[in-house]
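Reader: I am in my first year and would like a close look at one part of this model, with the terms explained as they come up. Please begin with a single residue and then work outwards to its surroundings.

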Amino acid sequence: MHDLPANSPQFLADAEAIAAQIPDGAYLALPPDYSLVAMAVVRALVRRRARALRLLGVPVLGFCADLLIGAGCVASVESSAVSLGEAGAAPRFTEAAESGALRVIDATCPMVHSGLQASEKGVPFMPLRGVLGSDLMARRADWKVIQNPLSTQPDPIVLASAIEPEVALFHARWADRCGNVWIGRRRELATIAHAARRTCVTYEALREGDMLEDELLAPGVLASVYVSALAPAARGAWPLGMADLYAIDDAHLMQYAKDARTREGFERYLNDFVWQAGPGKSSSPAASRA
Amino acid sequence: MASWAREELLACSIARLIGDAAHVAVGAASPIPATACALLRAQGRPLRVSLLHKRAGNPFTEGSRELFDLAGQGRIDVFFLGGAQIDGAANVNLVQAGAHRFAGSFGSAFMYFTARRTILFREEHSPRVLVPKVDFISAPGSSPPQVWRRGGAQALLTGKALFAWQPQGKRFRLASVHPGNRPAEIRELTGFDYDAPESVPLTPAPSSEEIRLLRGPVAREIAPDYPDFARRVWASGAAA
């Protein structure tokens, strides 16, 4: 375990500036597609040609990982799954994994959560039931089995070693001027932020006042001590969703799943929605071709 | 020509398997299990359903971590697992087969141990999926006696048949074949060996009352979370 800093949040201009905070090779923790993904930053990472990122799926990944993998930004993926959900397999992940271009470190969801919870507490590991007898064990030197020290009966139990992401990245509904961010019911994002060295957040809108002084908002707040950088990004999760503000763009994801089956289709997608949709460009990221 | 869709038959079969459970959890991309749960509730059963991917009014406020904690504590009676491969020992593979890479194990290596019952569900019934031995064990079908384990497989449902799991003998037994299939075909399309009775019953077709519920309140409930599925199965009936 390494000491983690008390962060003081830095307000940055936009998603591009956040992407500049994430160095090549970073161990980057990302939420699943249903849980406030900072897609504007993901596109900015592609545009700044980020390389050798080591993605951590908390606990699974989808569209955002497929985009980064296809664009050549990723060296390895540690995740319990990479999938587009109802839209089917993640095409760029599948191809990169099958060709051996991508290192895949397979996990199972609660082992990821438990590893992050160990980091939250500053302890080296967290025990978890199950998992024994899975072939995942043979692939994970960092998962250990011990005899339950509190039992007199034979009782093997697996340990998830503490997971310490270098950067956590996600999108939030609001930020306030103190650098607190509101994630609402998505408390699993707080777990990622608690465990990570630095946390980068984009937000839909700036809210006046200190959200921690509002009893109704406070339980959905991630306090600024964890936040290292934040920037505005309206519709920053698109084509994924943002709670009750805008829904996941199913048609767009279905179209992506189809297009990205071929390299050429994927390049076309990047051209239409990433390269042409940079800051200051006329094409709005909210305009779906699908 | 059957007057019900295959998805409807499967949902009705799953509803029967769920039986008297108090709490069912449904994980990633599982529209048919979610439909089965919605059907039971539409029939007035006091079933608690925790749909991980429910878009509005999701039961969890700590994401999927809470699903696994609930299961670890014993608060989940029934869960569902699929498989790129499933073998005759009820082992599940969600990772790879030959050169093919699949999405990954999700929470299977934990849920298979902690949920009281797991219904294995895979629509494709072929020797490619139902294999003698999986290439990779994401989650094992059984565990040695010293390994803590609360639950395991209850049944394996495919698009063509239903198998019951026999924990004693660690083998599947063919429980029924769906209308339009014959036991001999099932034997041919199943890569693993299993027990079968002399005379194999037919999986009951959905009743007219079940169909009425499926195409009415159930379709309306499922459409927001599984829009593509609802469009495909219920076309016009799914307008939310």
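Author: Leaving out residues up to four places away in sequence, Leu68(A) touches Val42(A), Leu45(A), Val46(A), Leu53(A), Leu55(A), Cys73(A) and Val74(A), where two residues are in contact if their C-beta atoms, placed from the backbone, lie within 7 Å. The model is predicted, and for that reason local features need pLDDT of at least 70 and side-chain atom pairs count only at pLDDT 80 or more, whereas totals for chains, interfaces and linings use all residues. Residues are numbered from 1 along each chain as its sequence is written, while chains are lettered from A and ligands numbered from 1 in the order in which they are written.

Leu68(A) is also one of the residues with the most contacts inside the largest nonpolar core, together with Leu30(A), Ala65(A) and Ile14(B), and this core has 182 residues. A nonpolar core is a set of buried Ala, Val, Leu, Ile, Met, Phe, Trp, Tyr and Cys residues joined through C-beta atoms within 7 Å. A residue is buried if 20 or more other C-beta atoms lie within 10 Å of its own, exposed if 12 or fewer, and partly exposed in between, with the C-beta atoms placed from the backbone. Helix α1 of chain B, residues 6-18, gives the most to the core, namely 8 residues; helices (H or I, at least four residues) and strands (E, at least two) are DSSP runs, numbered from the N terminus. The core also draws at least three residues from each of domain 1 (10-107 + 164-275) and domain 2 (109-161) of chain A, the domain bounds coming from an automatic or database domain assignment.

Among the partners of Leu68(A) are Val42(A), Leu45(A) and Val46(A), and these three belong to the buried residues of α2(A), which are Met39(A), Ala40(A), Val41(A), Val42(A), Arg43(A), Ala44(A), Leu45(A) and Val46(A). Because 8 of the 9 residues of α2(A) are buried, this helix is largely enclosed by the rest of the structure. The cover over its buried residues includes α1 (15-20), α3 (63-70), β9 (167-176), β11 (198-207) and α9 (263-275) of chain A. Arg47(A) also lies in this helix, which spans residues 39-47, but Arg47(A) is partly exposed, with 18 other C-beta atoms within 10 Å. The C-alpha atoms of Arg47(A) and Glu166(A), 119 residues apart along the chain, are separated by 21 Å.

Just after α2(A) comes Arg49(A), with a positive phi of about 55°, although Arg49(A) is not a glycine. Arg49(A) is placed in the loop between α2 and β3 of chain A, and it counts as exposed because it has 10 C-beta neighbours inside 10 Å. Beyond β3 (53-57), in the loop between that strand and α3 of chain A, is Pro59(A), which is joined to Val58(A) by a cis peptide bond with omega of about -5°.

Moving outwards, the two domains of chain A have C-alpha centres that lie 27 Å apart, and 11 residues of domain 1 are in contact with 10 residues of domain 2. On the side of domain 1 that touches domain 2, the largest share, 4 residues, comes from helix α7 (residues 188-195) of chain A. That side divides into 6 nonpolar, 3 polar and 2 charged residues, where Ala, Val, Leu, Ile, Met, Phe, Trp, Tyr, Cys and Pro count as nonpolar, Asp, Glu, Lys and Arg as charged, and the others, Gly among them, as polar.

The contact between the chains takes 40 residues from chain A and 38 residues from chain B. The elements giving two or more residues to the chain A side are α4 (91-99), α5 (109-121), α7 and α8 (250-259) of chain A, and the residues of that side divide into 17 nonpolar, 12 polar and 11 charged. Arg187(A), in the loop between β10 (181-182) and α7 of chain A, is in contact with Thr61(B), Glu62(B) and Gly63(B), its neighbours within four places in sequence being left aside. Arg187(A) is partly exposed, with 17 other C-beta atoms within 10 Å.
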